[in-house]
Amino acid sequence: MAKKLTYEEMADKLRASNSILHVCHASADLDAAGSAYGSQRAFGGQIHLGKAPKIFATNLYEYLGVKTIDEPIFSDFETIVVYDTPDECLLPSPFVDEWFLIDHHPKSSAIKKCSAYLLRNQQSCCQVVDKLIQKAGVSFDAQLAIAIAAGILGDTRYLRIAKPQTLHRFAALLGLAKLDLGELKRIIDGPATREKATEFAEVFKSFQQWDCNGMLIGMAQTNTHAAAFEMANTMIGKGFDLLLAVISNKAGDSCLRFLEVSDNLRQKISVSRLIKDIASDVKSPSCWGGGVHCPFSRQALTEYLHSSLGRLLR
């Protein structure tokens with residue numbers, strides 16, 4: 001049975017290790033990336049960002065100049081730490097038997113697989129790592145503050161659901177980073193994402209000729225990022241009724257996937273083909289976990305798509 005560790009016990013284990021690999025879950029988001037970077041800065045080691053990381057995670061690492069290992073040999077490392085993993089299906093495969101988990105999901109099924117874990121019921125894994133860094137007596141510089149703040153920002157839906165204590169710490173981290181909120185968002189979005197957001201706005205204008213009751217906006221997570229909210233706000237401003245659906249986690253980059261869906265709609269391709277493509281990309285609810293919540297089963301989402309897209313393309 002996995003042993004639950006205190007902050008001090010986890011810090012001691014990481015300090016005593018000669019080689020550490022910090023591992024993000026599959027399709028890593030800002031919280032996983034920020035957590036791994038924070039621990040790597042505090043305790044040393046290397047980072048594996050995992051398969052198909054979100055574009056916002058790669059934007060963050062590009063800004064910070066982080067070097068990662070794409071295909072590590074896990075058995076080469078004395079200690080492996082996995083971050084922000086709500087479900088065991090998000091672990092690398094194949095994987096090792098002995099590893100630590102640092103997480104904030106109270107019902108994470110990954111706990112059953114690890115040898116020891118640090119789990120605290122926080123709004124983000126970065127807040128757990130933040131506390132771990134402080135307990136270890138490591139000082140924060142601007143880059144470390146940016147990484148932890150970015151993870152908090154992502155997992156609180158850009159502060160929309162942030163609790164008072166979370167906002168207080170987030171403000172302190174921005175002060176350490178010497179950034180304002182807009183500057184942090186620009187780092188996370190990256191130039192390519194901002195360019196895509198502008199392109200999306202132009203795509204949306206072409207929908208004005210239709211009665212778009214039930215217009216579908218595809219996003220890889222419901223705790224979405226700045227570009228997705230910018231898209232949604234553009235649509236709301238034009239009077240469209242929005243459904244925020246979870247699609248295409250396999251695609252990795254929700255922005256690019258949405259542009260693909262938008263182009264398909266604009267070209268009025270086969271509704272059945274589009275529905276099949278989208279439904280086949282929806283992962284089973286048991287593998288979403290974390291901040292990702294979708295009230296639809298695959299069948300229910302498919303039925304909705306038949307109805308809404310059928311009306312849209314008539």
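These exercises walk through a predicted model.

**Exercise 1. Strand β6 and its neighbours**

Find which strands pair with β6, and state how they run.

Solution.
- Start with β1, residues 3–4. Two bridges join β1 to β6, and the two strands run parallel.
- Pick out a partner: Lys3 pairs with Ala116 of β6.
- Move to β5, residues 100–103. Four bridges link β5 to β6, again in parallel.
- In this pairing, Ile102 stands opposite Leu118.

**Exercise 2. The faces of β6**

Decide whether the faces of strand β6 are covered or not covered.

Solution.
- Take one side of the strand, residues 116–119. Ala116 and Leu118 sit there, and both are buried.
- Turn to the other side. Tyr117 and Leu119 are buried as well.
- Both faces of β6 are therefore covered, since buried means under 20% relative accessible area.

**Exercise 3. Cysteines**

Work out how many disulfides the structure holds, then check Cys126.

Solution.
- The structure holds zero disulfides.
- Cys126 is in no disulfide: the nearest cysteine sulfur belongs to Cys125 and is 6.6 Å away. A disulfide needs the two sulfur atoms within 2.5 Å.
- Next, the surroundings. Cys126 has 0% relative accessibility, so it counts as buried.
- Cys89 has a relative accessible area of 35%, so this residue is partly exposed.

**Exercise 4. A histidine in a loop**

Locate His25, classify it as buried or exposed, and list what it touches.

Solution.
- His25 lies in the loop between β2 (20–24) and α2 (30–43).
- The relative accessible area of His25 is 6%, so His25 is buried.
- Leave out residues up to four places away in sequence. His25 then touches Ala32, Leu49, Tyr83, Asp84, Thr85 and Leu90.

**Exercise 5. Backbone exceptions**

Examine the backbone at Pro94, Ala52 and Arg157, and place each residue in its loop.

Solution.
- Recall the usual pattern. Most residues other than glycine have a negative phi, and most peptide bonds are trans.
- The bond between Ser93 and Pro94 is cis, with omega about -5°. Pro94 lies in the loop between β4 (79–83) and β5.
- Ala52 has a positive phi, near 45°. Its loop runs between β3 (46–48) and α3 (55–64). At 39% relative accessibility, Ala52 is partly exposed.
- Arg157 also has a positive phi, near 55°. Arg157 is found in the loop between α5 (142–155) and α6 (164–177). With a relative accessible area of 27%, Arg157 is partly exposed.

Terms used: Residues numbered from 1 in each chain as written. Predicted model: local features only at pLDDT ≥ 70, side-chain atom pairs only at ≥ 80, totals over all residues. Heavy atoms only, no water. Buried < 20%, exposed > 50% of the residue type's maximum accessible area, 1.4 Å probe, protein only. Pairing = 2+ DSSP bridges. Contact = heavy atoms within 4.5 Å.
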